[in-house]
Amino acid sequence: MANRTVMPGMADMPPSAQVEADLKNLIDSGSSVNTVDTYRQAIRHFQVIYGAPLPAMESDVLRYLATYAKEHSVSTLQVRLSALSNWH
């Protein structure tokens with residue numbers, strides 16, 4: 001899974017309506033715009049770049065974290081995990 005490629009046009013695909021609704025709820029709950037943008041990017045990365053569906057199975061999340069463990073910092077992975085947790 002480490003060498004996933006993005007299909008042409010997929011990188012510009014907007015997040016699903018459910019993701020947008022969840023992010024709107026974050027804004028309404030007082031989360032900062034930066035947090036919402038960061039979570040949006042994290043969810044997009046999980047769905048579009050990595051290619052995993054939401055809702056995600058635990059095994060998908062574990063493989064995702066393992067795949068990017070050498071590529072990203074621990075703090076980046078923690079933020080992405082937080083975004084996924086918030087989505088669920």
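This is a short tour of the structure above, one selection at a time.

**Stop 1: the whole chain**

Start with everything shown as a cartoon, and keep in mind that this is a predicted model. You should see four helices and zero strands, so to speak an α-α-α-α run when you read from the N terminus. The chain has 88 residues, and buried ones make up 31% of them. As for the outside, the chain exposes about 5,600 Å², with carbon and sulfur atoms supplying 56% of that area. Contacts also reach along the chain: of those with a separation of 6 or more, 55% are between residues 24 or more positions apart.

**Stop 2: colour by confidence**

Now colour by pLDDT. The mean for the chain is 79, and 68% of the residues reach 70 or more. Which element has the lowest mean pLDDT, and which the highest? Select helix 1 (residues 17–28) for the lowest, at 68, and then helix 3 for the highest, at 96. Next, pick residues 1–13, where pLDDT stays under 50. The model does give this stretch 15 contacts beyond four places in sequence, but where pLDDT is low, the predicted coordinates should not be read in detail.

**Stop 3: the nonpolar core**

Hide the cartoon's front half if you can, and show side chains. The largest nonpolar core has 16 residues. Select Ile-43, Phe-46, Tyr-50, Leu-54, Val-61, Tyr-64 and Leu-84, the members with the most contacts inside this core. Where does the core come from? Helix 2, helix 3 and helix 4 (74–87) each supply at least two of its residues. In soluble globular proteins, nonpolar side chains tend to be buried together.

**Stop 4: the aromatic rings**

Stay with the rings for a moment. There are five aromatic pairs in the structure. Select Tyr-50 and Tyr-68: their ring centres are 6.1 Å apart and their planes sit at 70°, so this pair is edge-to-face. Tyr-50 is in the loop between helix 2 (33–49) and helix 3 (58–68), while Tyr-68 is in helix 3, so the pair ties together parts that are 18 residues apart in sequence. Are these two tyrosines buried or exposed? Both Tyr-50 and Tyr-68 are buried. Add Phe-46 and Tyr-64 to your selection, and you have a cluster of four residues linked by ring pairs.

**Stop 5: a salt bridge in helix 2**

Time for some charges. The structure has two salt bridges. For one of them, select Asp-37 and Arg-40, whose side chains meet at 3.0 Å, N to O. Both residues lie in helix 2, three residues apart, which is about one turn of the helix. Asp-37 is partly exposed, with a relative accessible area of 32%, and Arg-40 is partly exposed too, at 24%.

**Stop 6: a salt bridge in helix 3**

Move on to Asp-60 and Arg-63, where the side chains meet in a salt bridge of 2.9 Å, N to O. These two are also three residues apart, about one turn, this time in helix 3. Arg-63 is partly exposed, with a relative accessible area of 37%. What about Asp-60, buried or exposed? Asp-60 is buried, because its relative accessible area is 13% and buried means under 20%.

**Last stop: around Asp-60**

Keep Asp-60 selected and show what surrounds it. Leaving aside neighbours within four places in sequence, Asp-60 is in contact with Phe-46, Tyr-50 and Pro-53. You have met two of these before: Phe-46 and Tyr-50 belong to the ring cluster.

Methods:
Residues numbered from 1 in each chain as written. Predicted model: local features only at pLDDT ≥ 70, side-chain atom pairs only at ≥ 80, totals over all residues. Heavy atoms only, no water. Phe/Tyr/Trp six-rings, centres within 6.5 Å; stacked < 30°, edge-to-face > 60°. Buried < 20%, exposed > 50% of the residue type's maximum accessible area, 1.4 Å probe, protein only. Salt bridge = Lys/Arg side-chain N within 4 Å of Asp/Glu carboxyl O. Contact = heavy atoms within 4.5 Å. Core = buried A, V, L, I, M, F, W, Y, C linked by side-chain atoms within 4.5 Å. pLDDT = per-residue confidence, 0-100. Areas by Shrake-Rupley, 256 points an atom, 1.4 Å probe, with all protein chains shown as cover.
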